[in-house]
Each structure stands twice: as C-alpha cells, then as structure tokens.
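Subject: Structure for your review

Dear colleague,

Please find below the structure that I am handing over to you. My findings follow it.

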There are 2 protein chains.
Amino acid sequence: MINTVSTSVSDHVSHQRLNDRITEMACLGATAQGGVNRQALSAEDAQAQILLTRWSTALGMMVSRDPIGNLFLRLEGADPSLSPVMTGSHMDTQPTGGRYDGIYGVMASLEAVQALQDAGFKPKRAIEVVAWVNEEGSRFAPSLMGSGVHAGARSLTEALALRDTAGVSVQEALQQIEPLLAHIPKRSLSSPAHCYVEAHIEQGPILEREGLSIGVVTGIQGKHTYRVTVIGDAAHAGTAPHRERKDALLAATAMVQSLSRTFFDEQDITRFTVGRFSVAPNAPSVVPNEVVFSIDLRHPNAEKLEQLSNQVSILCQDLAAPCSVHIERLYTSAPIEFSEPMQKIIAAAALQLNLPQRPILSAAGHDAGLMHRVCPTGMLFIPSIGGVTHNEAEFSRPEDLTSGARVLANVLAHLAGH
Amino acid sequence: MINTVSTSVSDHVSHQRLNDRITEMACLGATAQGGVNRQALSAEDAQAQILLTRWSTALGMMVSRDPIGNLFLRLEGADPSLSPVMTGSHMDTQPTGGRYDGIYGVMASLEAVQALQDAGFKPKRAIEVVAWVNEEGSRFAPSLMGSGVHAGARSLTEALALRDTAGVSVQEALQQIEPLLAHIPKRSLSSPAHCYVEAHIEQGPILEREGLSIGVVTGIQGKHTYRVTVIGDAAHAGTAPHRERKDALLAATAMVQSLSRTFFDEQDITRFTVGRFSVAPNAPSVVPNEVVFSIDLRHPNAEKLEQLSNQVSILCQDLAAPCSVHIERLYTSAPIEFSEPMQKIIAAAALQLNLPQRPILSAAGHDAGLMHRVCPTGMLFIPSIGGVTHNEAEFSRPEDLTSGARVLANVLAHLAGH
C-alpha cells in the first residue's frame, strides 16, 4: 500500500534535530521539576509559536493564523488547487504538564516535512502542519477549542468568549499576544482538508509494557464533562450549630465520594475524575458557602457512557440538601472510530519500517477526534514510559520519538502523493 | 458595685454618633452584597486605622502602634503611673464578612471614652482602646495574631514570618502600609494592663431568641485547628487506570466525610468545620496531586475536646492510602473562664441600666481569650440577628449596639476610677 518513493523519505528524519527541537521547546514554560507549564495564549505559548514559525519559514513553509489562534505551516504542493494533507497537534500543556504531550505531534510533523524536503520529495498535495490552540482546556475550559472551532463543532463567537479563572477571555488573551505575532499573516477559518493525521504520545502504559514502538489508534473513548456548583451559606465555624448549617463543602465532598463509589468498575475501564474543586470563601473559620467542581467521565462504550452519565445529576441532587446544586454538562463526545483506510496506511508504514506495532484505543481526547468529523483522520501513538502523563515526570524515549516521526514522514508522503 | 458617678456616664453615649461611625467604617472594604472584606494589613485596614486615629486624636487621645501592628488609643488618667484599663477588639474581617464582627468592639470603646469625656469624667487610670491586628486569621493563619503577640502567647518573630496565600509575610505587609501610617508614633510590645474588657456581637442566636440585650460572657469554648496536606500523584483523567492512581482529592474528600461522621454530635455542641480546601493543580482533566485542607474543631469541655482532637490524625492516616498525609496542629486553645469579678462588674452595669441580660458562653474565639492570660478580663455580647455571622448578611440592631456601648461606658468608668 505504501509505495517505494514514500518509504525512502523516513531515512531523512533526523534523530538529533527532532530531539533537540523538543528540548528547545521544553524551555518555554519549563518548570522546576523538569516539566512544562505552557498555558494556551500565554506569553510562553506565543514564544513557542514564534519559534515554530522561525523553523518552518526557514523550510520555505507559509505560516498563517486563523481567528481562534490556530497556527498553520503550509508546504505548498505541486497542485495548489488540491486540498491539503493536514498533520499536527497542540502546544499547550496542563499546569504541571510534561515535555511531550501535544508538542511531540507538532515537532514530529515539522520533522517529517523537513525529511520530505531533504529527500527531494515534491508532494502533489500541499501539507499543512497545524498547532491547535487550547487543546488541554486547562486555561480555557472546555478542551479541544482550536480544533473544535476549525471543525465547526463550536462557534468562533462562543470560543472567543470563554474565560480563564482570572476572568480573561480568549479574545482578550489573543489581543494580549497579538503584538508578538503580528508578523504572521491571517487566514480564514476552516479550509477543507484531504485528510488529517496526528502523532501523539500514548499517555498510557500499553505500548511500553508490550515492547512496541507504534500504536495505530483505532478510536477515542467517549467523554462527558460537567461543572457542578453547590450553593450553601457562609457561617461562623465556632458559633453556627450544625443542624442550621448549609455547608457547601460537606455536600460537595459527599457527592464526590458517592460518584466515586458508583462509578467504581472492577475491570477498571470507566474513568471518573474530579480534577477541579474550588471552595469559597476558602477561609479556615468560615463554613463554605460555595463549591464548584468538575467531573470528567469517560468510557469506550457509547451506551455505557450515557448510562453512567445519567447518574451524575441524580446522585448530586440526592446529596445536595440542605444546600442546592446546579449541574451543567459542558462537553459531550461520543466514542469514535477512526477511518479504516487511514489506520491501514499507518500500519503499513510501520510494518515497512519493521517497527513493532498494535492497534490501540485512545483513552485521552485529541484534536484528531474533531478532525474526524470533517475528513478521513488517523493517529499514531508512541510509548509513554510508565503511562505517566499530565505530570512533570512524563517521558518518552528519544528513539521512540524518532520512530514515530519516521512513520509519519512515510504516511505524509503517501497521502500527499508526488 | 457600680458607683453613681459611673452610671451617669452612659447617658452621654450617642446613639447617632456610634451608628454613623459603624456605617462609615463599613465603607472601608465594602462588598457588593452589603458586607465587608477588610483583610488584616490591607490598604482598607490601613484606611480604617487612619480613620480611627483621626477620631481619637480629636478627643485628645494619644495614638501609637506596636511592632506587630496593634493600634492603641490612650486617654490619659489622673495618675499616669497606674497601669491602664484596656478595651477594644479588632478591625479585620473574613473575606465575606459582615459590618459588626470586631469593629463593633472598637467603635463601642471609642464611643464609651467619648461619653466619659462628655460627662466630664476624669479617670484615675488611663483607658487604652486597642484595635488588635489579624484577629480573624483570614489573611494570615492562625488567628488572634495581634493579641497573641501582645499577651506573649506567640513570639513576634514567628508572627512577622507568617505568610498569606499570595506569599506575602506579615513583615512585608506591615512595610507595604507603613507609608500610610508613618505619622503614628511607635510603642514597644506588651505593656502591662490593669484589666481588659471587650464588647462584641454574639455571633450566635441566643440573645435574640431570648429577647435579651446583653450577654455577660462566662468564657470561651476550646479550639484546635489543623492543616492537613494530602499528597498524591498527578495523572491523566482519561488514561490513568484507577487502580494505579494516587488521587489526593478522593483521599481528602473521604477524610472530610469520615471526620464529619465521627464528630457528629446529637446535642450539636461539637463544632467541626473544614473551611479551606485547596486542590493542585486544580485542572479538570488532571488527577489532583495535592490537597491542603483546614480543620477547625471546638468544644466547651477541655477533656472532650482533647478526645475528639486525638482522632483527627488517626482518621486521616487511616484514609490516606494510596496517598500520603501530613497533619499539623496549628493552634490549640483550651476552654477558658473569664474573671468572676469582671463578669460581676459587667452584669451590675447592665442591671443598673435595666437592660435584660444573661450569662453566656462564647462559641467563637476572641482577643479577650488571649488577654485573659495576662490580666483580669471580661466580655459583653450584644445580639446578632439570626446568629448570622462571618457572612455579609450579619446584622445587629442599632439600639443593641448602643446598649452595649452604654454598659461598656459604665464598666470603664468603674474600672478606671475617678
């Protein structure tokens, strides 16, 4: 399925260059513990975009930004009238994030394009490397913002109005970094793509445990997220009798415990996480009057996910008294299955490079899940040591990073044609 | 017991002036909901000190500040060699605090001194009105800082090193407001006092329910506070299997629920509150790696309080796995009983003014609890409507505010002599 011209491209992937660039990117938002904190549309994110622009401009790529802040690097094809092959990932991280989640896919795509050029490969279709904005949803909830707007899953207006916990909107954040990025030409939203392929670290332990280099991603488990607001009444910790209190923290902690028990799953397939939990006024001698907490609920089976999700509201309502509770579903993504032809192309590329591989389901959400709505989409994973991720200790072996880029280079060559 | 000269002093308490001043003070840190947020050593606190200084200087009082930031307003006595009668309270509030907690005692003391002057009463002993710094412990935990340092219960060095959640130390905060208060002379720590009396809102429902004007405070229930730190490990909400997670939030919420069940008390005497609960990294799709929460535990019986307190560590340790937990006891105050002679003087003053009264135990901690260690100390309460406090809806009736100041004026006249 992969022709011979395409397979030679991977020989031009530079192990040194790829790993050096990943290391250089990790300095932008570097944390004391060796991780990265690069929030979407922050100064560090802008610096990363500037660096990426510099590297790709040197390769003769055309750089542009769309209205939501996605960055596109286009290698023109022999026939500019054809829709481009798209590839990429995101550059933002969790607050205590690692050096690979997201940025690896962007760096592997750039390396793959450079390998194509070094191989003298002239693609028929343009190849566009994209850095999606605010994939993590850490600064602006919910996640997958840039790819969501691009794919038409969310309106631009709605996304621009999202605010971080300091009250800064996406629009304001874009304006704040605009002076740094004013040299990059603007483009309109949502140009059509021929197909999309994304390389990413696995963020789970399977590939490492099984001694494999490449995961051909079959799909993404479904995810529902919620914001739960518990309203009580502030009172004095010394004087207020318990029977007269409306303690928002007691109600909220009871909800978290009950949800955790209900969603317990012997087979450990269901994923239930309360990651954000904010208390007001958060003072030691005041009974809390408000708690806002997040729920992140995932399952690979659509029906089961709906079943679990339906219990969130019931359980929270049951445990609210004497407080009141307000439950909002923020985000719903049903489980998805990636294009079979794309899976086959990625598997064939790994096979021809003699890299051990397996099909794998993604437990995490990815921008590819949004692109799946608008064009044939595929993903490849490389191993994450210990499955550690969203953590400063996140690590992937340099040789695996390179293997992923080699597979990606051949896949892009095949998809773009020559 | 109260002589006739003393009883006439209360006639000079001005209802209008007292209530106007309380209203004016409530503007400094006023919240949108009609409450007050005036954190210790903030700009608003400094403005309150400046206003208080202006009012008392106009009465010929000498103003001074000690090294921890307590503010003293001295009305000189006929015999300056005698130790002063002290009276006052605090001016800081909880973040969503009310218009009366603390500031009422300072305003009532100032009004009482002015009544003495208007009555032509020349005290034998000096009267010192004091505004204690950081009583609430809301900005700098633990609470009762200024009176604690004054009474020798805590070292000055230790108190100056306390930091707020933004990392600002007490010493730095004092330096920040120093330019605003530089005109106020400095004094040394901890001059001896003849006695101390403090007026305060009840912060409980008893006086209102029983239709009484004055509570003669018999003592303060004991209080232990803790800081509990739960350490887990950050992980990805989608990929990390539950059996491999170390979820600090799940462990901490289990602790809060278990403590709440264990400390449940049919008679509703035990007070157990988790007011602060802070999660890191506090991102929706990251398993929390750290939770820090506060425990505020109170009981009027010393033995029972120790018994309850001993369970904190056991319960938290039991529920920590697979996380680890670190438990620090921050503050311990045994239940106390105020001086009987002081109680009698306050009760007699209320009786002579025909104000309905009762003995009452304080459920809240007060600066008077610290002064109790160094001199005969008493407190009087006025009603809090609905017992609502540490809440923007806190309210006390103007006529009750005035009644408290009238009792205080007579008590001060009696204690200072003439």
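Which side chain meets that of A:E158 in a salt bridge? The partner is A:R154, with an N to O distance of 3.5 Å. Please bear in mind throughout that this is a predicted model. The two ends of the pair fall into separate accessibility classes: A:E158 counts as partly exposed at 44% relative accessibility, while A:R154, at 11%, counts as buried.

Salt bridges

Over all chains, a search of the whole structure returns 42 salt bridges. In chain B, the side chain of B:D118 meets that of B:R17, again with 3.5 Å from N to O. This pair links distant parts of the chain, since B:D118 belongs to helix α4 (residues 103-118) of chain B and B:R17 to helix α2 of chain B, 101 residues apart. B:D118 has a relative accessibility of 42% and counts as partly exposed.

A further salt bridge in chain B joins B:R397 to B:E399, whose closest N and O atoms are 4.0 Å apart. Both residues are partly exposed: B:R397 has a relative accessible area of 27%, and B:E399 stands at 43%. In chain A, the residues A:R74, A:E76, A:E128 and A:R187 are joined into one network by salt bridges that share partners.

The interface between the chains

Contact between the two chains involves 58 residues of chain B and 58 residues of chain A. About 4900 Å² is buried between them, and carbon and sulfur atoms give 50% of that area. Four salt bridges are found across this interface by the rule. One of the salt bridges in the model pairs B:D268 with A:R243, at 3.7 Å between the closest N and O atoms. The interface also holds 44 residue pairs in polar contact, both members being at pLDDT 80 or more.

On the side of chain B that touches chain A, at least two residues each come from β8 (235-236), α9 (248-262), β9 (271-273), β10 (277-280), β11 (286-287) and β12 (290-299) of chain B. The element that gives the most is α9(B), with seven residues. Sorted by class, this side of chain B comprises 22 nonpolar, 23 polar and 13 charged residues.

Helix α13 of chain B

Helix α13 of chain B covers residues 398-416, 19 residues in total. From its first C-alpha to its last the helix reaches 27 Å, close to the 27 Å expected at 1.5 Å a residue. Of the 19 residues of α13(B), 15 are buried, so the helix is largely enclosed by the rest of the structure. B:G417, just after α13(B), takes a positive phi of about 70°.

Two loop positions

Is A:S169, in the loop between α6 (156-161) and α7 (170-181) of chain A, buried or exposed? Its relative accessibility is 4%, under the 20% limit, so A:S169 counts as buried. Leaving aside residues up to four places away in sequence, A:S169 touches A:F140, A:L160, A:A161, A:L162 and A:R163.

B:C27 is located in the loop between α2 (15-26) and α3 (43-58) of chain B. With a relative accessible area of 53%, B:C27 is exposed. Its C-alpha atom is separated by 9.8 Å from that of B:R38, and the two residues are 11 residues apart along the chain.

Yours sincerely

Technical notes:
Residues numbered from 1 in each chain as written. Chains lettered and ligands numbered in written order. Heavy atoms only, no water. Contact = heavy atoms within 4.5 Å. Buried area = accessible area lost by both parts, 1.4 Å probe. Polar contact = N/O pair within 3.5 Å; in protein donor to acceptor, adjacent residues only side chain to side chain. Helix = DSSP H or I, 4+ residues; strand = E, 2+ residues; numbered from the N terminus. Nonpolar A, V, L, I, M, F, W, Y, C, P; charged D, E, K, R; others polar. Expected span 1.5 Å × (residues − 1). Buried < 20%, exposed > 50% of the residue type's maximum accessible area, 1.4 Å probe, protein only.
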